[in-house]
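Welcome, and thank you for taking a look at this protein with me. Let us walk through the model together, one region at a time.

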Amino acid sequence: MRKVTVHLDDHLWKFSLSKISISTKRGGVFISPIFPKIFWEYYNKGWLIASGARFRLTKGNLVEFYIVFKKDDPKPYEPKGFIPVDLNENSVSLLINNKPILLETNTKKITLGYEYRRKSITTGRSTKDRDVKRKLRKLREKDKKVDVRRKLAKLIVLEAYESRSAIILEDLPKRVPEHMVKDVKDKQLRLRIYRSAFSSMKNFIIEKAREFGVPVVLVNPAHTSTICPVHGLKIIYQPDGSNAPRVGVCEKGREKWHRDVVALYNLRKRAGDVSPMPLGSKEPHDPPTLKTGRWLRAKSLHPIMNEHKMIEMKV
């Protein structure tokens with residue numbers, strides 16, 4: 001027997017814990033439901049049953065009924081503070097209680113690892129080959145990056161929700177990678193920037209923030225890492241052998257600023273927060289250690305999620 005799924009609008013069915021009624025051309029049909037454990041988990045947590053549903057007949061005249069749960073988006077609260085978030089290729093930095101925190105995402109490792117394996121699989125072979133397609137699917141580059149973005153968004157939003165803060169993000173323009181690689185000649189760096197998907201990370205954070213009712217403020221991203229937030233003048237980055245020097249010096253105050261730290265303070269300032277800010281990093285190259293109270297360098301994202309037992313459930 002072929003199984004046919006029937007979709008029901010809200011006027012064609014009614015729900016109660018004791019029975020489900022379905023309207024047909026020949027009158028009403030009543031079903032005595034048996035609920036699985038996962039139904040009670042959602043029902044007892046206050047989730048609402050959506051207006052639409054679907055069902056299908058199975059062997060033995062049994063009916064499989066599919067109910068959709070929904071939860072109204074909470075109203076955004078009045079923020080007591082701000083948490084600026086700066087998106088980078090291989091990490092995301094945020095400012096919590098004047099402490100810059102760096103969350104490493106390993107996106108660079110995922111991108112380059114995929115590219116190297118892809119070349120070894122496709123060299124001398126067509127990408128339309130069935131065996132090549134199968135091997136490429138197993139690499140799962142997109143799935144791995146989406147998993148990191150979801151977990152990262154959850155960490156950031158939960159921190160903002162618990163402290164009743166608003167999240168500050170850069171209002172990134174369309175086709176961000178094309179703007180970023182305009183003057184980049186390194187082919188590998190261009191590839192990594194294109195595969196970083198900054199807008200996708202921003203959208204994940206906004207979507208999760210909407211779920212928790214966390215306010216999000218979008219600000220102009222121009223020159224956030226090149227202007228001193230104290231003096232408003234240019235920060236000079238001296239070449240250090242890399243494509244993007246990380247530490248620069250304010251041309252007036254001569255204090256040192258790490259590129260990711262100064263972006264956070266500028267984002268917060270543009271959102272309207274005029275809280276006092278400390279002078280920039282005094283370290284010559286890397287962010288200071290935890291003991292200085294200036295930077296907290298987090299471990300990679302997966303161990304963080306495991307330690308806090310933040311496991312997302314698929315329904």
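**A walk through the model**

Y43 counts as partly exposed, because its relative accessibility is 32%. Y43 lies in helix α1, which covers residues 37-43. Together with L17 and W40, Y43 makes a nonpolar surface patch of about 260 Å². Please keep in mind that what you see is a predicted model.

Now let us step back to the whole protein. How many helices and strands does the secondary structure come to? The protein has nine helices and 15 strands. Of its 315 residues, 38% count as buried. The protein exposes about 20000 Å², and carbon and sulfur atoms supply 52% of that area. Contacts tell us something about how the chain comes together: among those between residues at least 6 apart in sequence, 60% join residues at least 24 apart.

Next, please find helix α3. V132 is found in this helix, which spans residues 130-139. Is V132 buried or exposed? V132 counts as buried because its relative accessibility is 0%. Which residues does V132 touch, leaving aside its neighbours within four places in sequence? The contacts of V132 are I121, T122, R125, S126 and T127. Take I121 from that group: in sequence V132 and I121 are eleven residues apart, and in space their C-alpha atoms are 6.6 Å apart.

T127, another of the contacts of V132, is a good place to go next. T127 sits in the loop between α2 (107-122) and α3. With a relative accessibility of 39%, T127 counts as partly exposed. Apart from its neighbours within four places in sequence, T127 is in contact with R118, T122, V132 and K133. T122 is therefore a residue to look at from both sides, as it appears among the contacts of V132 and among those of T127, where the cut-off for a contact is heavy atoms within 4.5 Å.

K133 leads us on to the surface. A positive surface patch is formed by K128, R130, K133 and R137. R130, one of these residues, is found in helix α3. R130 counts as exposed because its relative accessibility is 74%, while V132, in the same helix, counts as buried at 0%.

Helix α3 also holds a charged pair. R134 forms a salt bridge with D131, and the closest N and O atoms of the two are 2.5 Å apart. Why are R134 and D131 separated by about one helical turn? They are three residues apart in helix α3, which means about one turn lies between them. R134 counts as partly exposed at 34% relative accessibility, and D131 is partly exposed as well, with a relative accessible area of 24%.

How many salt bridges does the count come to? The count comes to four, and the pair of R134 and D131 is one of the salt bridges in the model. Another can be found in helix α7 (residues 198-212), where K208 and E211 lie three residues apart, about one turn of the helix. The closest N and O atoms of the salt bridge between K208 and E211 are 3.3 Å apart. K208 is buried, because its relative accessible area is 16% and the cut-off for buried is under 20%. E211 is partly exposed, with a relative accessible area of 44%.

A further salt bridge joins the side chains of E64 and R56, with an N to O distance of 2.9 Å. E64 counts as partly exposed at 29% relative accessibility, and R56 counts as partly exposed at 24%.

Let us finish with the backbone, in two loops. N97 lies in the loop between β8 (91-96) and β9 (99-104). N97 has a positive phi of about 55 degrees although it is not a glycine. N97 is exposed, because its relative accessible area is 71%. Where is R254 placed? R254 is in the loop between β13 (247-250) and β14 (256-258). The phi of R254 is near 65 degrees, a positive value in a residue other than glycine. At 55% relative accessibility, R254 counts as exposed.

Key. Residues are numbered from 1 along each chain as its sequence is written. This is a predicted model: local features need pLDDT of at least 70, side-chain atom pairs count only at pLDDT 80 or more; totals for chains, interfaces and linings use all residues. Side-chain values use heavy atoms; hydrogens and water are left out. Helices (H or I, at least four residues) and strands (E, at least two) are DSSP runs, numbered from the N terminus. Buried means under 20% relative accessible area, exposed over 50%, partly exposed in between (1.4 Å probe, protein chains only). Patches are made of residues with over 30% relative accessible area and no salt bridge: like charges are joined within 9 Å, nonpolar side chains (Val, Leu, Ile, Met, Phe, Trp, Tyr) within 5 Å. Accessible areas come from the Shrake-Rupley method with a 1.4 Å probe; for residues, only the protein chains shown count as cover. Lys and Arg count as positive and Asp and Glu as negative; His and the chain ends are not counted. The place of a charge is taken as NZ of Lys, CZ of Arg, CG of Asp or CD of Glu.
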